[in-house]
Amino acid sequence: IRLEVMPDHESASQRVADLIADQVQRNPVSVLGLATGGTPERTYAILSERVCSGALSLSQITTFNLDEYVGLSAEHPQSYHAYMRRHLFDVTDVRLEKTHLPDGAAVETGGHSGSRVCEAYERLIDEAGGIDWQLLGLGSNGHIGFNEPGSAGDSVTRIVELAEATIEANSRYFDSPDEVPRQAVTMGIGSIMNAKRIVLIATGAGKVNAVQQAVRGPMTPDLPASFLQRHPDVTFILDEAAASELE
Ligand code: F6R
């Protein structure tokens, strides 16, 4: 794992935006894997500014998001479909028909709809030729995507139960913790590891332990991000707060 420690969240966001812009300028038809959450919001805002000023075009990229809540429609303001439209797709020249998120709304409890949704997503990624460049955030419990502690290193896209810590963390976006969906569809760790290049952004003191264990700890399902140690091309972009336990 390559480490880049930037002074603060703003400079880390600029760095990730630069890396995405470099990738797209080198290969305008890149297939990008994208993350949601609070951390990459600023990165997306910077990309949007660059597209609006004419410095960058995202019009030929194809995108696949890591995850989506089960049971939220694309129109629900806290769905990741809505997040991506708000922060990137509707405010840049990304073509909506080239964007993909797991169809969390199509998953019904108890039926086979879940496995159909998951298999269809894996197939779409394959048909696009795989992911060239994957952006990740990091949960304070070490999750990537919604691969919570306990996830296997070779897991594929599947329906998962969210950890209590994740429900708690994400309840800041909902009126109450009761409204946070209990399940999500997430790309697996194996699906993420198939990406040719991976960049993880983690900022703030809340990520210190997860960063330390992901980088220096043993590879273990207890800390899903630790599996990134065996990928040949991973960069962690950190701010000083998140990196403070790495000597
Ligand atoms: C979301 C995702 C999650 C987040 C993680 C950190 O698509 O993949 O793994 O990256 O929960 O979230 P924030 O950035 O809100 O701390």
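pLDDT is the predictor's confidence in each residue, from 0 to 100. I checked that first: the protein chain has a mean of 97, and 100% of its residues reach 70 or more. This is a predicted model, where local features need pLDDT of at least 70, side-chain atom pairs count only at pLDDT 80 or more, and totals for chains, interfaces and linings use all residues. Residues are numbered from 1 along each chain as its sequence is written. I also noted ipTM 0.99 and pTM 0.97.

**Ligand shell**

I looked up what surrounds the ligand and got 13 residues, with Thr36, Gly37, Gly38, Thr39 and Gly137 coming nearest (near means a C-beta atom, placed from the backbone, within 6 Å). By class, I have four nonpolar, eight polar and one charged residues in that shell. Here Ala, Val, Leu, Ile, Met, Phe, Trp, Tyr, Cys and Pro count as nonpolar, Asp, Glu, Lys and Arg as charged, and the others, Gly among them, as polar.

**Annotated positions**

From UniProt (unreviewed entry) I took "active site" at Asp67, Asn141, His143 and Glu148; such annotations may be inferred rather than shown by experiment.

Is Asp67 buried or exposed? Asp67 is buried, because 22 other C-beta atoms lie within 10 Å (buried takes 20 or more, exposed 12 or fewer, partly exposed is in between; C-beta atoms are placed from the backbone). I found Asp67 in strand S4, residues 67–69 (strands are DSSP runs of E, at least two residues, numbered from the N terminus). Beyond four places in sequence, the contacts of Asp67 include Tyr80, Pro102, Phe146 and Met187 (contact means C-beta atoms, placed from the backbone, within 7 Å).

Asn141 sits in the loop between S6 (133–136) and S7 (158–161). I make Asn141 partly exposed, because its count is 18 other C-beta atoms within 10 Å. Leaving aside neighbours within four places, Asn141 touches Glu148, another position in the UniProt list.

**Strands**

I followed S7 next: Arg158 and Val160 point to one face and are buried, while Ile159 and Glu161 point to the other and are not. S7 pairs with S8 (residues 183–186) in the antiparallel sense over four bridges (pairing needs at least two DSSP bridges). Arg158 has Thr186 as its bridge partner in S8.

Then I traced an open sheet of seven strands, S1-S10-S9-S6-S2-S3-S5, with parallel pairing. Edge strands S1 (2–6) and S5 (99–100) each have a single partner strand, so one side of each is left without a neighbour in the sheet. Inside that order, I saw S9 (residues 197–202) pair with S10 (residues 234–239) over five bridges, with Ile198 bridging to Val234.

Note on methods. Two residues are in contact if their C-beta atoms, placed from the backbone, lie within 7 Å.
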